[in-house]
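Welcome, and take a moment to turn the model around before reading on. We will walk through it one region at a time.

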Amino acid sequence: MSPASFKAKDGLTFEVVGREVAGRALDPTGEQGRPARFLLGVPAVLLLLVLLVPTGWTVVWALNGDPVLLGNFLTVITDDGALAAARNSVLWVGIALIVVALGYGIAVASRLVRGPWRVLLYFLILPFGVSALVSGAIARMIFDPAPERGMASALFGADVVWLGPGLIWIVLALSFAWTWLGFVVVLFRAGLDTRAAGPGLFGHPKLPRPGPVTSIVVLTVLVAAIRVFDLVLIAAPGSIQDDVDVVGLHWWRMTTRSADTGGPAALAVLLFIIVGLLSLAGMRRRTTQPDRPTPGPAENGAAAPDRKPAKRRALSWLIGLGLAVLFLLPLVVLLGTALHEPRTAGSAGWWGLSGLGPGSFAEVSASWLWPAVLGSVFLAGLATALVVAAAVPAAYLLTWGGLPGWLSRGLTLLLVVLAVAPVQMYAGPLGDLFGQLGLAGARAPLALVHAAAGLPFATLVLRTAFQAAPPDLSGTRRPALDAMWRGRYRRALIAVVVLEFVLVWNDFIVGFLISGPGSTPLNLLLWGEARQFGISAGTVAAGAVVASVIPVALLLVTWPKVISGLTGGATE
């Protein structure tokens, strides 16, 4: 290199001669750090073994039939009950896709009428903090066949049996949509706000592409539909449970009726194959690069005046207010029922003024409520901490670890498949292990299972956010690993923390199938109260209100950052 001269004010001249640096600085994710970088994935591998080992054992059970390999599968596919449950589970996948499509349509429409939708989005996200068990309990309250208790029966007459054959599917679909539609709308709206200019979906210019957030939305709602269990268990009366049976419930009934492990294992494997193929098909068109915002009038100069006709603005307000009422009404029903004395809540509608009082809250508070709340806080908190500790280095390795392309793609596909894996794929062996080791009812081992189940999705979320992050001043997207905890990617971490905590808090199926009622998380105890729904509506509602306060409040406080983290807006 040529020397550089600098002349000071006193006349002295300094000459600096540069030279090439010999060698390269050690990069733990580069060539010199190739062996060390794999250590980043060790926590995730150890945690995933909690799923992979029992999943492999379930496959062994399924293949150990008479004849070997096919015997158990032949038994399942010739069982009328199992086939009916499988058809219903596929129907739930269809319901999930309808919710996704409807949410996309609402998100597109919301961009045309921006005014009321900014407030409406917060109303839409409220039900996402409510568990499926609570959603099913609310459905029972609204569609109770007795006109003096059920609002729908009071409006449409007792001749319309909402909780009977046929119409029960409408009730279940509405309950599922109420829980998940707001989540879909808010995320799609955030994705559309950062969409790239270009052709829309199916080449239609009025159907803009939501971008990478689509994979997160589809995967999340699909997992919820696949795992549907508690909603059906509590919303459908016992007399029609067989009509709405799903694979998850049918699997549970098979395990309680017989000691045979082959049949339930084969049923779980078949369900796993179906949902795995569906998830992989949905991820094939996944976009990994962030969309560029489409500049609007305000970005090209002065803010453009609102030229929407008055009628259009009025219609937008009416639509927004209508959706707000529809999404708030179930919560009003829940709170109104909880504010009645237990005897009144079980015999009269929530809208009545007689029998108001704190008796329902007092009854559950004096028995099981607060120990269950503390247990759920411990369970969700520990599981969330384990997920974050394993997912951050794993996502870092997948994104910036310099892995071969084929290996990175293969690991990502594995995570996708594990993210949608039915609980039944690992519940059987883990339930047996918990029983043999005396761990039934223990919260710490159950938190480990929750963490393993949540790790694949959390890693995918973080990887998407890392890929979407813009380059820094040095032109690179890759930060130091310790920076993941401090600043640039904090919003992605917040998204993972909030979603994992809420999902574990609201879980029923994992704790019920693996650890049993002795683990006493909040939703398990609510289910115990709801089994005598006619006489315990007040205490169920009171417990459900308390159970929903923490996750709903957490979502409202953090939701803007959660949206930013999920849609790739990782920088602050």
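Let us begin at Pro67, which sits in the loop between helix 2 (42-63) and helix 3 (71-77). This is a predicted model, and in it a cis peptide bond with an omega of about 5° joins Asp66 and Pro67. Leu69 belongs to the loop between helix 2 and helix 3 as well. Its phi is near 80°, a positive value in a residue other than glycine. Both features deserve a look, because most residues other than glycine have a negative phi, and most peptide bonds are trans. Is Leu69 buried, exposed or partly exposed? With a relative accessibility of 48%, Leu69 counts as partly exposed, because that value falls between the 20% limit for buried and the 50% limit for exposed.

Now step back to see the chain as a whole. Its secondary structure comes to 24 helices and 2 strands. The protein chain has 572 residues, and 52% of them count as buried. Among the contacts with a separation of 6 or more, 76% are between residues 24 or more positions apart.

How far can you trust what you see? The average pLDDT of the protein chain is 81, and 79% of the residues score at least 70. Of the elements, helix 2 has the highest mean pLDDT, at 95, while helix 13 (residues 297-300) has the lowest, at 37. Residues 6-28 have a pLDDT below 50, and this stretch makes 27 contacts in the model beyond near neighbours in sequence. Residues 286-306 also stay under 50, and here the model has 34 contacts beyond four places in sequence. Where pLDDT is low, the predicted coordinates should not be read in detail.

Next, look at the interior. In soluble globular proteins, nonpolar side chains tend to be buried together. Here the largest nonpolar core contains 183 residues, and Trp92, Phe176 and Phe183 touch the most other members. Try centring your view on Phe183: apart from its neighbours within four places in sequence, Phe183 is in contact with Ile125, Phe128, Thr220, Leu499, Trp559 and Leu566.

What about the spaces between the atoms? Rolling a probe the size of a water molecule over the atoms shows where empty space is left. How many cavities of 30 Å³ or more does a search of the whole structure find? The search finds 6. The largest cavity holds about 650 Å³ of space. Its lining is made of 32 residues, and Trp180, Val223, Ala224, Arg227 and Leu503 are the closest to its centre. Several helices supply at least two lining residues each, including helix 8 (167-193), helix 9 (213-226), helix 20 (443-468) and helix 21 (490-505). By type, the lining of the largest cavity has 20 nonpolar, 8 polar and 4 charged residues.

Turn now to the second largest pocket, with about 640 Å³ of space. It is lined by 24 residues, and Phe143, Leu174, Ser175, Trp178 and Leu326 lie nearest its centre. Helix 4 (80-112), helix 6, helix 7 (151-156), helix 8 and helix 14 (310-338) each give two or more residues to this lining. Helix 8 provides the largest share, 6 residues. The lining of this pocket divides into 22 nonpolar and 2 polar residues, with no charged ones.

Further along the chain is helix 23 (residues 522-530), where Leu522, Asn523, Leu524, Leu526, Trp527 and Ala530 are buried. The cover over these buried residues includes helix 6, helix 10, helix 17 (369-400), helix 21, helix 22 and helix 24 (533-566). Leu526 leads us on to Ala544, which lies in helix 24. These two residues are 18 apart along the chain, and their C-alpha atoms are separated by 7.2 Å. Ala544 touches Val134, Leu334 and Leu526, not counting residues up to four places away in sequence. With a relative accessible area of 1%, Ala544 is buried.

Our last stop is Ser360, in helix 16 (residues 359-365). Why does Ser360 count as buried? Ser360 does so because its relative accessibility is 0%. Leaving out neighbours within four places in sequence, Ser360 is in contact with Ala338, His340, Glu341, Pro342, Gly538, Thr539 and Ala542.

Terms used
Residues numbered from 1 in each chain as written. Heavy atoms only, no water. Helix = DSSP H or I, 4+ residues; strand = E, 2+ residues; numbered from the N terminus. Buried < 20%, exposed > 50% of the residue type's maximum accessible area, 1.4 Å probe, protein only. Contact = heavy atoms within 4.5 Å. 1 Å grid on protein atoms, 1.4 Å probe; cavity = no way out; pocket = protein on both sides within 12 Å on 5 of 7 lines; lining within 4 Å. Points joined across faces, edges and corners; volume = space filled by probe spheres on them. Nonpolar A, V, L, I, M, F, W, Y, C, P; charged D, E, K, R; others polar. Core = buried A, V, L, I, M, F, W, Y, C linked by side-chain atoms within 4.5 Å. pLDDT = per-residue confidence, 0-100.
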